[in-house]
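Student: Hey, I've just opened this one and don't know where to begin. Can you walk me through it?
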Amino acid sequence: MNLHEYQGKALLKSYGVAIQEGILAQSVDEAIAAYEQMRGRTGSDVAIVKAQIHAGGRGKGGGIKLAKNLEEVKTHAGNILGMMLKTPQTPGGLDGPGKLVRKVLIAEDAYAPDFNACKEFYVSILMDRQRKCNVIVYSTEGGMDIEEVAEHTPHLLHKEYIDPTLGLQPFQARKVAFNLGLEGTAIKEMVKFITSLYNAFVGADASLFEINPCLKTGDGRIIAVDSKVVLDDNALYRHPELADQRDTDEEDPTEVEAKSYGLNYVQLSGNVGCMVNGAGLAMATMDIIKLSGGEPANFLDVGGTADAKRVENAFRIILRDDRVKAILINIFGGIVRCDRVAQGVVDAYNNIGNIHVPIIVRLQGTNADLAKKIIDDSGLEVYSAIALQEAADLVKKVLS
Amino acid sequence: MSVLVNKNSRIIVQGYTGKEGTFHAEQMIEYGTNVVGGVTPGKGGELHLGRPVFNTVADAVQKAGADTSVIFVPPAFAADAIMEAADAGIKVIICITEGIPVQDMVKAKAYLEKRDCRLVGPNCPGVITPDEAKCGIMPGFIHRKGTIGIVSRSGTLTYEAVDQVTKAGLGQSTCIGIGGDPIVGTTTKEAVELLMNDPETEGIVMIGEIGGTMEADAARYIKEFGTKPVVGFIAGQTAPKGRTMGHAGAIIGGKDDTAAAKMKIMEECGILVVNSPATIGETMLKALKK
């Protein structure tokens with residue numbers, strides 16, 4: 001689960017991480033009030049208006065603007081709120097439709113008063129799959145695309161692996177500070193920053209923290225100017241207060257709906273829909289669609305209980321996409337009995353009625369023969385198959 | 001021979017009296033698996049499915065001589081169950097549970113490093129040696145005793161491979177579902193290594209998916225030490241970048257995570273890589289005839 005910048009920063013702050021302060025606004029009026037409150041607090045006329053969406057690269061799409069006075073706050077907040085913000089990370093990238101901005105953060109100018117004395121760093125924490133432990137990744141090259149840094153100047157990227165049984169040790173936090181070339185009070189500040197950041201990562205069961213930029217101010221403070229926080233879905237039961245912050249507006253509405261039916265669905269852009277039990281087989285089915293001359297329209301794992309209700313819900317979701325020219329159902333029945341799935345398909349088909357695309361049903365495993373008979377006897381325009389290759393050939397046939 | 005589990009394994013089920021544990025333990029027993037009891041804290045002393053229930057894994061080891069455990073404990077308690085099994089001296093721990101918090105597994109994995117045991121999973125279908133021991137949730141009837149070892153990160157896709165191998169007239173020595181999570185107890189390479197060293201195994205099917213470097217690591221091992229034909233498939237050739245495809249571990253991060261990159265490395269290491277998941281069985285049959 002992803003958090004917005006303002007939610008991530010609130011989480012960091014609750015663990016003692018210094019952040020660029022800000023106030024959330026959902027309208028221009030709220031933005032004005034937020035600005036005035038912020039000005040009262042900082043004594044500065046300058047504020048940053050930051051679009052709150054679940055995607056990075058917001059500045060490139062015009063989603064982050066510096067305002068020097070109240071008028072500029074009004075202008076920028078007015079422009080950004082309600083805009084379709086396109087960034088390299090929004091669906092379809094800069095050529096895509098962008099994402100609707102519903103909220104802005106009115107943030108303090110963290111670089112004041114001495115912009116030139118500021119230095120931007122990159123800090124992230126994630127779980128290293130190979131070493132099976134958490135790792136702090138950091139670099140002097142803050143504010144940049146870190147994948148570029150990793151590719152062109154890998155020597156500027158440092159890593160600190162954390163022992164799972166001991167946790168972050170003080171010497172490791174100091175190492176981060178020294179490798180970043182810090183001096184004076186900034187060293188102590190960075191140690192505190194890294195320590196509290198790591199505590200927040202573990203405490204919140206995060207799977208990714210990315211602080212870019214992490215800023216050293218002119219007077220040697222270390223603060224998080226941005227925050228990208230991804231939480232481990234499997235651990236959300238331990239953090240109901242964080243789970244409540246899920247912003248379904250930021251997610252694909254169909255995927256949110258599918259989830260409520262117990263379906264694991266990812267929308268793609270092809271012409272053949274699919275419905276499969278099990279994630280690995282679902283991916284393999286997408287691959288076989290491609291090999292048969294089609295393009296997968298979705299990933300859909302119906303899970304362990306492929307009953308009539310689920311099959312019907314899955315059908316309805318797939319059929320909503322009018323690019324879909326055929327549907328391949330691929331179920332390997334283990335505990336799930338194929339005859340029950342077949343009956344589910346027939347019932348769902350009849351309930352929906354008027355299905356205008358060919359459907360290929362491949363049922364294999366427990367009671368597969370019985371299942372094929374149910375499909376074949378149903379009188380529906382459904383192609384049935386038992387072997388995977390047969391199903392692939394049928395996809396090819398209906399597309400031609 | 002075979003690896004990990006056989007007819008002499010003394011198997012317990014953790015989470016024995018729960019809904020999932022009961023259902024699958026019953027199927028395991030029906031298959032002929034040597035289930036010597038189960039563990040449910042607080043229900044020690046009872047009898048369930050005709051076998052004793054113990055309060056702790058240590059009791060099960062001491063009183064029933066357990067050496068293998070299959071875990072069906074809910075996600076919030078599963079990492080703890082893994083560590084309990086390791087502490088009690090269980091040698092093969094198979095964790096079926098899906099949805100364990102990653103940081104729990106980071107700790108459990110580190111705990112296991114210092115102990116003499118092997119974890120398979122979590123989030124996996126389990127391990128089966130046909131006609132000897134079914135330790136997991138896979139449908140027993142699709143398997144035949146034979147000489148092909150199968151290693152896979154997926155559940156139903158493993159069944160698909162098993163079914164094809166069976167229908168090709170071959171059978172399986174041992175099938176190892178290593179699991180779809182970012183942290184797994186036994187990696188693809190370790191599972192391949194077990195099968196490579198098993199005299200009864202004549203060929204290996206290795207099924208991977210997008211995300212991580214496990215398949216590449218296994219491929220490099222095979223290039224250096226492989227003595228048997230290996231057929232490989234990577235699911236997710238059409239998966240988009242940055243999205244989790246069902247399995248928590250199935251996400252394309254960097255460019256080495258993609259199916260294409262993995263397949264290339266596997267091919268370079270001498271693995272017979274199939275593009276279509278429908279041709280796993282026949283490719284293995286051809287390879288063995290050579």
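Tutor: Sure, let's begin where the chains meet. The contact takes in 45 residues of chain A and 59 residues of chain B. Keep in mind that this is a predicted model.

Student: How much area is buried between chain A and chain B?

Tutor: About 3,800 Å², with carbon and sulfur atoms giving 62% of that. On the chain A side, Arg129(A), Lys132(A) and Phe332(A) lose the most area to chain B, together 18% of what that side buries.

Student: And how many salt bridges does the rule find across the interface?

Tutor: Two. In a salt bridge between Glu160(B) and Arg362(A), the side chains meet at 2.6 Å, N to O.

Student: OK, new topic. What's the strand order in the open sheet of chain B?

Tutor: There are seven strands, and they run β3-β4-β2-β1-β5-β6-β7 with mixed pairing. At the edges sit β3 (47–48) and β7 (118–120) of chain B, each pairing on one side only.

Student: In which sense do β5 and β6 of chain B pair?

Tutor: Parallel, over four bridges, with β5 covering residues 68–71 and β6 covering 92–95. There, Ile71(B) stands opposite Cys95(B).

Student: Which helix lies across those strands?

Tutor: That's α3 of chain B, residues 75–87. Helix α3 lies across β1, β5, β6 and β7 of chain B, at about 170 degrees to β6(B).

Student: You mentioned a cysteine. How many disulfides are there over all chains?

Tutor: Zero, from a search of the whole structure.

Student: Why no bond for Cys117(B)?

Tutor: Because the closest cysteine sulfur, in Cys95(B), is 13 Å from the sulfur of Cys117(B), which is too far.

Student: And is Cys269(B) buried or exposed?

Tutor: Cys269(B) counts as buried, because its relative accessibility is 11% and the cut-off is under 20%.

Technical notes: Residues are numbered from 1 along each chain as its sequence is written. Chains are lettered from A and ligands numbered from 1 in the order in which they are written. This is a predicted model: local features need pLDDT of at least 70, side-chain atom pairs count only at pLDDT 80 or more; totals for chains, interfaces and linings use all residues. Side-chain values use heavy atoms; hydrogens and water are left out. Two strands pair if DSSP finds at least two bridges between them. Helices (H or I, at least four residues) and strands (E, at least two) are DSSP runs, numbered from the N terminus. Contact means heavy atoms within 4.5 Å. Axes are lines fitted to C-alpha atoms, for helices over the stretch in contact, and angles run from 0 to 180 degrees between N-to-C directions. A disulfide is a pair of cysteine sulfur atoms within 2.5 Å. Buried means under 20% relative accessible area, exposed over 50%, partly exposed in between (1.4 Å probe, protein chains only). Buried area is the accessible area (1.4 Å probe) that two parts lose on being put together, summed over both. A salt bridge is a side-chain nitrogen of Lys or Arg within 4 Å of a carboxyl oxygen of Asp or Glu.
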